[in-house]
Amino acid sequence: MKIRSALTALALATAPALTVLAGAGDALAAQSGSQAAAVTKVSHATATSMFSSVGITWSSSGNCSNRNVPTCTSFDQLNLATAQGAQTLKRSSGCALNITGGTETGHASGTYSHWNGYKLDYGKNTCVTNYIKGTFTYIGLRGDGAPQYQSGAGNIYADEGNHWDVLYYNCGGC
């Protein structure tokens, strides 16, 4: 029993720092490393505050934020690392970023999906496109034919024609 206690104490003492975000309505969860077992989710209000703090804008064709309406742009249940990844992209690129898709219904399903908080869509502009293509590594076409670029952190940027579909496995070096 003493050995187990000692090992537990050692594990706790050497564990990576935990990132916890507490906000109104947010679930508290711990996250460490680039891909954590437990994913921290944030509310729409927390995400919009994070985006506003670095100058990221967002829009929706329906002028709404209801997660269950496909014409809205919602950030409810967005992964903290995804929100931080958007902040990292804004800071590192210096480009104007406008999010056009978040966690709302209507996107493709899957584990690493918009609905599950791993993806954001960005409106295209020359600055963002030049930054992605000039900074990240081209890794080939996605199954649907979209050209893909991978950041050094492992996140995937897919050119879907009129917008960038970005899969965040982590915060991109936040």
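Q: How many bridges join strand E8 to strand E9?
A: E8 takes in residues 156–159 and E9 residues 163–167, and the two run antiparallel. Keep in mind that this is a predicted model, where local features need pLDDT of at least 70, side-chain atom pairs count only at pLDDT 80 or more, and totals for chains, interfaces and linings use all residues. Residues are numbered from 1 along each chain as its sequence is written, and side-chain values use heavy atoms, with hydrogens and water left out. The number of bridges joining E8 to E9 is 4.

Q: Which residue in E9 stands opposite Asp159?
A: E8 ends at residue 159, and its antiparallel partner E9 begins at residue 163. Both are DSSP runs numbered from the N terminus (strands are E, at least two residues; helices are H or I, at least four). Across from Asp159, in E9, you'll find Trp164.

Q: What is the order of the strands in the open sheet?
A: The sheet has 7 strands and mixed pairing, where two strands count as paired if DSSP finds at least two bridges between them. E2 (57–58) and E6 (137–141) stand at the edges with a single partner strand each, so one side of each has no neighbour in the sheet. Read across, the order is E2-E4-E5-E9-E8-E7-E6.

Q: Which residue in E4 stands opposite Trp58?
A: E2 and E4 (residues 98–101) run parallel and are joined by 2 bridges. On its other pairing, E4 goes antiparallel with E5, over 2 bridges, and there Gly101 stands opposite Asp121. Back at E2, the residue opposite Trp58 is Ile99.

Q: Are helices H2 and H3 roughly parallel or roughly antiparallel to each other?
A: H2 (residues 44–54) and H3 (residues 80–93) pack at an angle of about 10 degrees, and their axes are 10 Å apart. Axes here are lines fitted to C-alpha atoms, for helices over the stretch in contact, and angles run from 0 to 180 degrees between N-to-C directions. Under 35 degrees counts as roughly parallel, over 145 as roughly antiparallel, 65 to 115 as roughly perpendicular, and the rest as oblique. H2 and H3 are therefore roughly parallel.

Q: How many nonpolar residues are in the contact of H2 with H3?
A: From H2, the residues Met50, Phe51, Ser53 and Val54 meet an H3 set that includes Leu80, Ala83, Ala86 and Lys90, contact meaning heavy atoms within 4.5 Å. Besides the nonpolar residues, this contact has 3 polar and 2 charged ones. The nonpolar count is 6.

Q: At about what angle to E5 does H3 run?
A: H3 doesn't just touch H2: Phe51 is one of the H2 residues that meet H3, while H3 also lies across two strands, E5 (119–123) and E8. Relative to E5, the angle is about 30 degrees.

Q: How many residues does the largest nonpolar core have?
A: A core here is a set of buried Ala, Val, Leu, Ile, Met, Phe, Trp, Tyr and Cys residues joined through side-chain atoms within 4.5 Å. Among those with the most contacts inside this one are Phe51, Leu120, Tyr157 and Trp164. H2, H3, E5, H4 (126–135) and E9 each supply at least two residues of the core. Its residue count is 26.

Q: What is the relative accessible area of Cys127?
A: Cys127 lies in helix H4 and, beyond its neighbours within four places in sequence, is in contact with Ser93 and Cys95. Cys127 and Gly94 are 33 residues apart in sequence, yet 8.4 Å apart in space, C-alpha to C-alpha. Buried means under 20% relative accessible area, exposed over 50%, and partly exposed in between (1.4 Å probe, protein chains only). Cys127 counts as partly exposed, at 37%.

Q: How far apart in space are Gln150 and Lys133, C-alpha to C-alpha?
A: Gln150 sits in strand E7 (residues 147–150) and is partly exposed, with a relative accessible area of 30%. Its contacts, leaving aside neighbours within four places in sequence, include Phe136, Ile139 and Ile156. Gln150 and Lys133 are 17 residues apart in sequence, and in space the distance is 9.5 Å.

Q: Is Asn63 buried or exposed?
A: Asn63 is found in the loop between E2 and E3 (78–79). Its phi is near 50 degrees, a positive value in a residue other than glycine. With a relative accessible area of 72%, Asn63 is exposed.

Methods
Nonpolar A, V, L, I, M, F, W, Y, C, P; charged D, E, K, R; others polar.
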